[in-house]
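I sat down with this one to look up helix packing, aromatic pairs and burial. My notes are below, in the order I went.

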Amino acid sequence: MAVKRGLSRASIHKNSGGGSRFPLSILILLSLLVPSLFFFGGGLHTADRGDLSTGPSKKNVDWRERLALQHFKSLFTKEVIDVIATSTSDMGPLSLDIFKKKNLSASWKFIGTETSVVDTSEPNQVATVVGQDIPKGKKKNSSDDHAQFIVKPADLARRQLREKRREKRASELVHQDKEAIVKLENAAIEHSKSVDSAVMGRYSIWRRENENENSDSTVRLMRDQIIMARVYLSIAKMKNKVDLYQQLQVRLKESQQALGEATADSNLHHSAPARVESIGQVLSKAREQLYDCKLVTGKLRAMLQSASEHVRSLKKQSTFLSQLAAKTIPNAIHCFSMRLTIEYYLLPPEKRKFPRSENLEDPNLYHYALFSDNVLAASVVVNSAVANSKDSSKHVFHLVTDKLNFGAMNMWFLLNPPGKATIQVENVDEFQWLNSSYCPVLRQLESATMKEYYFKAGHPTKLSSSASNLKYRNPKYLSMLNHLRFYLPQVYPKLNKILFLDDDIVVQKDLTGLWSVDLHGKVNGAVETCGESFHRFDKYLNFTNPHIARNFDPNACGWAYGMNIFDLKEWKRRDITGIYHKWQNMNEDRVLWKLGTLPPGLITFYGLTHPLEKSWHVLGLGYNPTVGRSEIENAAVIHYNGNMKPWLELAMTRYRSYWIKYIKHDHPYLRTCKLSE
């Protein structure tokens, strides 16, 4: 009735005049739109709760609601109705908040409601219209009746799938962000470690070890204070500042006592903080009265130079002492040798002979030459060679020692014969042919200049501070045992080949294969030791001398003594000993090379050395801590060349076990002299 009255009034006004048609039509439109929106929103909200389709009590709908629905559909397009229906089905009653929420991200959640996403890519797929039951006789098509909209099952499943994908993607992004942050932090930490601490300082917030305060910060501060106190002490004395001089002297002494030998703050005396404060106050006072940039810089430079000189002096002393320790026979080995010597000379002469003497000159057997004054070391060489040989009865060991150790060497192998191998022990001092008239090096060793060089009789205190190569100043270079390797054909005239061994090696495999190596007409078979820029000829020889420069290549590869197979027939044919004598005579004043046997060996066998496979002879166990375990275990011979000999306390522990296992620890002499420890 109200609608009819409104229409009648509208027609009256329309007939009465055209000036008020436009405002009146707006008023009528609003009067229809507001109740329609109200009733439609309420109806959809009710339908969302299932009130319109749950039972027969809801079949009759108020006539106002039906009329509003009919006019509502005539006022709006189908797309607008779809948006309103979808929003009200998911969010509840229609409101302006729905349109605001549609512009928010899909990750936003609204408590108490279910978020609905309108698929704009499929505008033709709208919510299903569910017709409401009406009284009989008035039932029409659902499109003509009021519309109720719900989401299709396929659309709902699609929305749920999209929601799950969004959640999964969000969690992946969060995880990736965390990993990226961790990587950046670790990269920053590693980069900070590579920064030069001399430029950037020691502390870095990225370093894990610096999460706490530096453990030696107080120690370093005290050392700096002591240095500056010494500087100002010198300046105060120079400027006659007596009071300040005395204060600095007292505080300096207190700080030195509190610091002591501490290297970390935890080791400092409990009075250290107070000493830091007190000397700091005096230094502040001295800075105010005495500071002169040029003067302080000069004092610091003088202190630095003095400290550098002191360090160089200590290094020289350390080098000398290490050389001395390396060449000094330990008390236990000396005890061992003396006991064996006493036992040997108590034996009757007929019991001092070794069996199988007929093998000594048999060229068909495998002969070894070993020159040593160390009984224990020689025993390890022989024991290891015999233990790893296939047939020890074919091996002959020729040992040469000095008269001091001759008895001990004989007695040890008489008490401990090496299986079926043949042993010969000789005294180098009994070689009548080896004299100064025949041997240049022996003549040189007996000269006054050589004795002065070795012993410095007139300047005994300069021995440790001399700039000369201290490693050449050890007793082994005075012994002919070290130079006897250049006279092998003279010592063993009836042999064709011989394997020379040093006494600081250990044999780990059968060595008979060396006798079958083709030396291609060369005299010496040895393992080369040259690298990219070291162990070449220019390291050992003086190439400023014209004799050396004309005859040798400075880049020629060096090789090692310690395990060498020598062809004695070729040696005699080429007169190798004569070549050695020639160059040794030219080196009377040590202008071609320093002392030792390797430089003259490189010269004598230049162009006459055949390189062996490196696995035959692995070196460096007496100085190089980086020799690999696999390299050692695959080697036929390992060599403890260097100062850290395996029988010394300064030996490297990681390599010592390869040598110790060939010592007979159960021997009574070894236990008595505490060599089994």
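Before starting, I wrote down the cut-off for helix directions: an angle over 145 degrees counts as roughly antiparallel, and one under 35 as roughly parallel. I also reminded myself that this is a predicted model.

**Entry 1: overview**

I began with the whole chain. The protein chain has 25 helices and twelve strands. Of its 677 residues, 40% count as buried. I then looked at contacts between residues at least 6 apart in sequence, and 73% of these join residues at least 24 apart.

**Entry 2: α8 against α9**

At what angle do α8 and α9 pack? I get about 155° for helix α8 (residues 217–238) and helix α9 (residues 242–259), with the axes 9 Å apart. That angle is over 145 degrees, so α8 and α9 are roughly antiparallel to each other. Their crossing is left-handed.

I listed who touches whom. From α8, the contact includes Val219, Met222, Ile226, Ala229, Leu233 and Ala236, along with Arg223, Arg230 and Lys237. On the α9 side I noted, among others, Tyr245, Leu248, Leu252, Ser255 and Leu259. Sorted by class, the α8–α9 contact holds twelve nonpolar, three polar and three charged residues.

I kept one rule of thumb in mind while reading that list: an α-helix has 3.6 residues a turn, so residues three or four places apart point the same way.

**Entry 3: α9 against α10**

Next I followed α9 to its contact with helix α10 (residues 272–290). These two pack at about 150°, and their axes are 9 Å apart. That makes α9 roughly antiparallel to α10. The crossing of α9 with α10 is left-handed.

From α9, the contact uses Leu244, Gln247, Leu248, Arg251, Leu252, Glu254, Ser255 and Ala258. Its partners in α10 include Ala272, Ile279, Val282, Leu283, Ala286 and Leu290. By class I have ten nonpolar, four polar and four charged residues for α9 with α10. I flagged Leu248, Leu252, Ser255 and Ala258 of α9, which turn up in the contact with α8 and again in the contact with α10.

**Entry 4: aromatic pairs**

How many aromatic pairs are there? The count comes to 25, and I looked closely at a couple.

Tyr366 and Trp515 pair edge-to-face, at 5.1 Å centre to centre with 65° between the planes. They come from distant parts of the chain, 149 residues apart: Tyr366 sits in strand β3 (residues 366–371) and Trp515 in the loop between β7 and β8. Is each ring's residue buried or partly exposed? Tyr366 is partly exposed, with a relative accessible area of 23%, whereas Trp515 counts as buried at 13%.

Phe486 and Tyr561 also make an edge-to-face pair, at 6.5 Å centre to centre and 90° between the planes. Here the two are 75 residues apart, with Phe486 in the loop between α16 and α17 and Tyr561 in the loop between α19 and β9. Phe486 is buried at 1% relative accessible area, and Tyr561 is buried at 7%.

**Entry 5: α14**

Last, I checked a covered helix. In α14 (residues 406–415), eight of the ten residues are buried. They are Phe406, Gly407, Ala408, Met409, Asn410, Met411, Trp412 and Phe413. What covers them? The cover includes helices α12 (331–346), α13 (375–387) and α25 (668–672), plus strands β4 (395–401) and β5 (422–427).

Technical notes: Residues are numbered from 1 along each chain as its sequence is written. This is a predicted model: local features need pLDDT of at least 70, side-chain atom pairs count only at pLDDT 80 or more; totals for chains, interfaces and linings use all residues. Side-chain values use heavy atoms; hydrogens and water are left out. Axes are lines fitted to C-alpha atoms, for helices over the stretch in contact, and angles run from 0 to 180 degrees between N-to-C directions. Helices (H or I, at least four residues) and strands (E, at least two) are DSSP runs, numbered from the N terminus. Angles under 35 degrees count as roughly parallel, over 145 as roughly antiparallel, 65 to 115 as roughly perpendicular and the rest as oblique. A crossing is left-handed if the near helix is turned anticlockwise from the far one by less than a right angle, and right-handed if clockwise. Contact means heavy atoms within 4.5 Å. Ala, Val, Leu, Ile, Met, Phe, Trp, Tyr, Cys and Pro count as nonpolar, Asp, Glu, Lys and Arg as charged, and the others, Gly among them, as polar. Rings of Phe, Tyr and Trp (its six-membered ring) pair if their centres lie within 6.5 Å; planes under 30 degrees apart count as stacked, over 60 as edge-to-face and the rest as tilted. Buried means under 20% relative accessible area, exposed over 50%, partly exposed in between (1.4 Å probe, protein chains only).
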